[in-house]
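Welcome! Please take a moment with the sequence and the model before reading on.

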Amino acid sequence: MPKKSSQAKGQPVQSRVATAPLLRVAGRYVRKDGNEPRILVLCAETGMGKSSFMDSVLLVEAQRGATVKRMSLDGPGAESPAERLSRLARETTSLRRRGQRVAVGIDCVPVASEGDMIRELRAIRRMAAAGALVIICLLPEADDLFNLLGEAKRLDNQDFLSLVALEGDQLMLDPEFRRLTHGIPMLTEALMEDEAARVGMYGTEVSPGKFARYLRNLVCNHLRDSLTNEELDLRCAMALLGQGSFDDLDAVIGHVDDELLMWLQDQAPLFGVDFHRLCFETAGVFSDELFAFCLSGMKRCCKERPKLLAHAARVLCSRGQFVRAELLCGLITDEEELSQIGMRWGVELLMSGKVVMVSRSLRHEREAGNTDGALPSITRQAIMELNGRHSELSHGREQLRALKGLSHHEEGLRRYVLAMGGQRDLVAGVFASIPQEGLGEWTGERGARLLKHQRCTRLLIEGAFSTIFDELLDDGDGHEPEDVTGALLCLDFAVAEAMVGGSRTPREQQDVERSIRIIEEASPGRLGPYARALDGAINVIVGDGTQLRGIEYLIARANEYGDVLVEALFLLLAAVGDLKAGAFSRVHVRTIKVCELVREWESSFLLDAALLVGLLSRLRMGEDIDEDRLRTHGSGSALRDLCRAAVLMSRGRRIDSLRLDELSRSTFPRELAWALMLVLHHGDLSPSDVNSVVPASWLRVERTTDLSSWPARVERPVRKERDLPEEPKAPQKVDRTARVRITLMGSFLVRVDGRTVKQEGLVARHARDLLALLAIVKGHKVTKRDALLAIWGDDEYSKGMQRLYEATSVVRRVLGAKECGIDPILSSRTEGTIALNPECVSCDVDDFTEEALLSLGHEGSDLKAMRHACNARRWYGGGPSIELNDVTGLSRRHARTLEGLFVSALSSGGMAALRQGRPYLASQLARDALTIEPKREDTTICLVESLSQLGRSSEIEALCEKYRRQTSRGARRRSKALERAFEDALGRDLVAS
């Protein structure tokens with residue numbers, strides 16, 4: 001009878017490694033015969049799970065009665081690794097002589113000299129010859145020991161990656177998660193356990209999340225001193241750049257040896273070397289946010305390589321990655337080198353918010369006496385355009401215009417800074433055109449973004465918010481900002497979206513917050529306070545806010561810097577807040593100031609808005625307004641029409657006899673809903689007269705306008721990220737009494753009181769299959785005969801009842817039904833059925849079904865149909881996760897029913913999104929539906945129309961060609977409606993062509 005297993009001296013076998021995937025794999029390497037000698041070498045990089053895998057094998061050996069000996073050779077001690085191995089060999093042979101089954105684990109074997117390696121080899125073979133299982137963990141650079149062990153079995157990096165791919169969670173198949181982990185077990189485990197990291201939140205510098213900590217440790221371990229200098233240089237360059245081509249590596253460290261790159265491709269999956277595309281991508285570190293976490297652990301390695309660090313910073317600047325480049329420049333101690341980088345890319349770094357680095361470079365140039373150079377002059381003027389007073393800018397502009405003999409790069413920067421001056425003039429109320437001659441040719445995308453922001457500023461002055469919204473909705477420049485102009489465009493879109501009655505998505509909210517950070521870094525004294533006041537200002541205009549905090553300071557700040565447009569806007573905001581608060585005298589003073597500032601402007605929108613707000617305050621004070629005098633002040637403006645209508649309605653008169661120049665009684669523009677709210681809620685209008693004097697179409701706009709505080713109007717996510725394996729936060733109310741939650745859509749998961757139940761516990765007696773079957777069927781109830789046939793393929797009564805009893809017992813035991821006082825499964829002898837208990841069990845299948853049916857039942861409300869369809873898509877995920885050898889087809893029928901409902905919901909939501917002016921969302925919904933039913937006609941029409949609105953004619957051509965091939969082969973019936981959609985989108989006769 002074998003003795004009980006014992007733990008070895010040193011580190012114990014950790015129970016945390018005994019997860020089902022590792023144990024299933026480890027079982028393949030455990031000896032059937034306890035006397036069989038075996039040497040297993042695990043030669044892989046850090047983070048590949050060598051130690052965890054070794055501990056799993058040792059744990060299985062211990063469960064089979066083996067005495068486990070585990071030793072780590074990296075700890076301090078008086079003995080050398082070879083001496084410690086010799087002592088371990090003596091202990092092992094002694095145990096074997098007493099007839100015990102022995103398994104030995106040796107971790108962290110260092111690189112050794114030839115003599116020590118011979119002694120280590122002798123000790124290992126001595127243990128194996130005695131009949132022990134010997135497992136050795138090596139790093140790739142220490143694999144000389146393995147080469148001498150010809151009889152050993154080896155597992156390398158690729159073997160461990162294959163094990164993770166075969167046994168790991170299907171969630172990790174997501175391409176974005178693969179980019180973060182490259183399948184490395186250590187990173188995969190951290191990402192699985194870090195819910196915040198899966199949605200792009202990695203923690204703070206003070207308190208990083210688990211994934212960020214693990215990635216930092218892994219990167220530091222990959223830059224260890226035991227590597228050769230050549231390999232360490234290459235690894236450091238890859239970590240600093242994050243991603244790029246082999247040419248980028250050549251620019252950083254000189255010529256790169258192809259053999260070394262091939263070695264890294266095989267031995268270091270972290271760096272993602274790809275010889276097919278001649279590029280690399282370091283897992284996770286390609287993200288600037290994650291790289292900032294890792295850089296703190298790379299400082300020693302970087303400071304030992306100052307030239308490599310400087311070259312990497314130059315390569316990043318040339319690629320436009322100025323945020324990452326600034327992080328590297330913070331480690332550069334050579335002021336001359338730093339100044340060269342800062343001057344070469346000074347304007348770009350400044351527009352990315354890196355003012356400190358640019359100022360540091362300018363200071364060095366001034367101390368070196370180089371104050372009249374072209375690049376210092378251009379950079380200084382760029383700083384002034386962002387942060388200086390408008391009255392102080394003329395001298396610097398004259399200097400820039402006088403510069404001659406500039407290089408192509410310097411000329412492009414000069415024109416860009418002069419264009420910045422034109423935008424600054426526009427904000428100051430000087431309506432001179434921005435110099436556009438050759439701007440796109442010389443400055444590329446940066447110049448195009450600046451011109452786009454200038455157009456948005458002019459449209460804002462004209463009150464054309466819907467035009468801004470339409471132009472920036474599907475424009476990438478208005479999202480995910482990287483520099484000041486991109487951030488300003490993002491805020492332009494945020495203002496326009498709020499003014500037309502929209503709500504931000506969580507992703508748009510992240511973009512706005514990032515934009516504010518970029519602007520604050522680049523212009524902390526001038527633009528920063530304006531950007532921080534954005535949400536408060538929107539809340540005053542279109543929400544229920546009554547005053548903007550610090551408004552007097554903002555008005556004074558705008559006046560000091562000569563930003564007349566901003567000053568007028570803040571004065572108007574303050575007047576609106578005073579009107580809501582009842583401070584009518586202050587409204588009168590503020591609106592007069594606005595009129596004085598903007599009276600001579602080309603557009604009358606701000607003037608008319610100020611007149612409207614002032615008029616409402618005068619009406620509230622009981623002043624008698626002459627409507628004929630209002631007409632003499634001008635006409636042809638929608639706000640002027642609203643002013644005259646407000647006077648009539650305040651007197652209890654209908655506006656049927658009023659001549660409207662721009663407005664219509666049958667409709668009301670959504671972008672002026674804020675003005676209508678002021679008239680109806682803060683004008684001198686009796687509540688009893690509202691329905692009789694206000695046109696019905698105007699009242700509909702009023703009733704459908706959200707007046708809640710702006711921060712509360714950020715939409716909930718309409719689609720659940722596929723990385724979250726736990727219960728999604730549904731938009732509808734979830735029954736809080738349900739203590740057991742079964743997730744079937746996408747992946748199978750069971751939770752009890754928020755605690756995840758281990759899957760391996762439900763494997764026994766087909767308990768998991770029983771829960772999955774009950775979760776997918778309608779009403780979560782099925783006859784016992786159907787359950788037996790679906791799960792076991794046999795309906796023999798006595799044996800079948802015993803099987804069902806055993807399966808339900810396993811479910812109750814694993815879910816802790818007795819301890820929790822619940823009964824998740826109800827079995828009825830009289831009805832012959834088995835069902836989930838609705839009082840304590842809820843399923844995501846029901847949430848999906850409810851959302852899908854709601855999307856189909858809201859034909860009168862496109863917005864609701866669209867949102868319910870997006871929620872249904874989020875709940876559906878990858879579809880029902882059920883794997884039964886079901887001879888009856890019961891589960892497959894219900895799965896197909898859910899699939900059909902999913903397609904119908906997406907089709908309905910796609911058409912609703914199209915009618916709501918959301919072509920990109922419509923295309924996404926239609927594509928998802930067509931992946932399941934590729935020949936569905938209404939969905940294909942929706943996709944064609946949405947792609948047409950997005951201007952993606954090449955994709956429409958591809959769809960049309962695919963339709964032609966299918967109809968010509970008889971694989972699809974011809975559809976006149978679909979052909980008409982193709983003709984409208986492509987602008988030609990399909991039959992003739």
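This report looks at a strand sheet, the helices beside it, and the nonpolar cores.

Keep in mind that this is a predicted model. A good place to begin is the open sheet, where five strands are arranged in the order 2-3-4-1-5 with parallel pairing. Strand 2 and strand 5 sit at the edges, each pairing on one side only. On average, and ignoring direction, neighbouring strands are turned by 15 degrees against each other.

Strand 2 and strand 3 run parallel and are joined by six bridges. One of the residue pairs is Thr67 with its bridge partner Val102 in strand 3.

Now for the helices. Helix 2 packs on the sheet and touches strand 1, strand 2, strand 3, strand 4 and strand 5. Helix 3 lies across strand 2 and strand 3. Their directions are set out here:

| Helix | Residues | Strand compared | Angle between directions |
|---|---|---|---|
| Helix 2 | residues 50–63 | strand 4 (133–138) | about 170 degrees |
| Helix 3 | residues 81–97 | strand 2 | about 180 degrees |

Next come the cores. The largest nonpolar core holds 207 residues. Those with the most contacts inside this core are Phe211, Leu240, Leu249, Met298, Phe570, Trp674 and Trp698.

Which residues is Phe570 in contact with, leaving aside its neighbours within four places in sequence? They are Tyr530, Ala533, Leu548, Ile551, Leu554 and Ile555. There is also a second, separate core of 77 residues, which includes Ile791, Trp792, Ala807 and Ala905.

Definitions and conventions: Residues numbered from 1 in each chain as written. Predicted model: local features only at pLDDT ≥ 70, side-chain atom pairs only at ≥ 80, totals over all residues. Heavy atoms only, no water. Core = buried A, V, L, I, M, F, W, Y, C linked by side-chain atoms within 4.5 Å. Buried < 20%, exposed > 50% of the residue type's maximum accessible area, 1.4 Å probe, protein only. Contact = heavy atoms within 4.5 Å. Pairing = 2+ DSSP bridges. Helix = DSSP H or I, 4+ residues; strand = E, 2+ residues; numbered from the N terminus. Axes fitted to C-alpha atoms, helices over the stretch in contact; angles between N-to-C directions.
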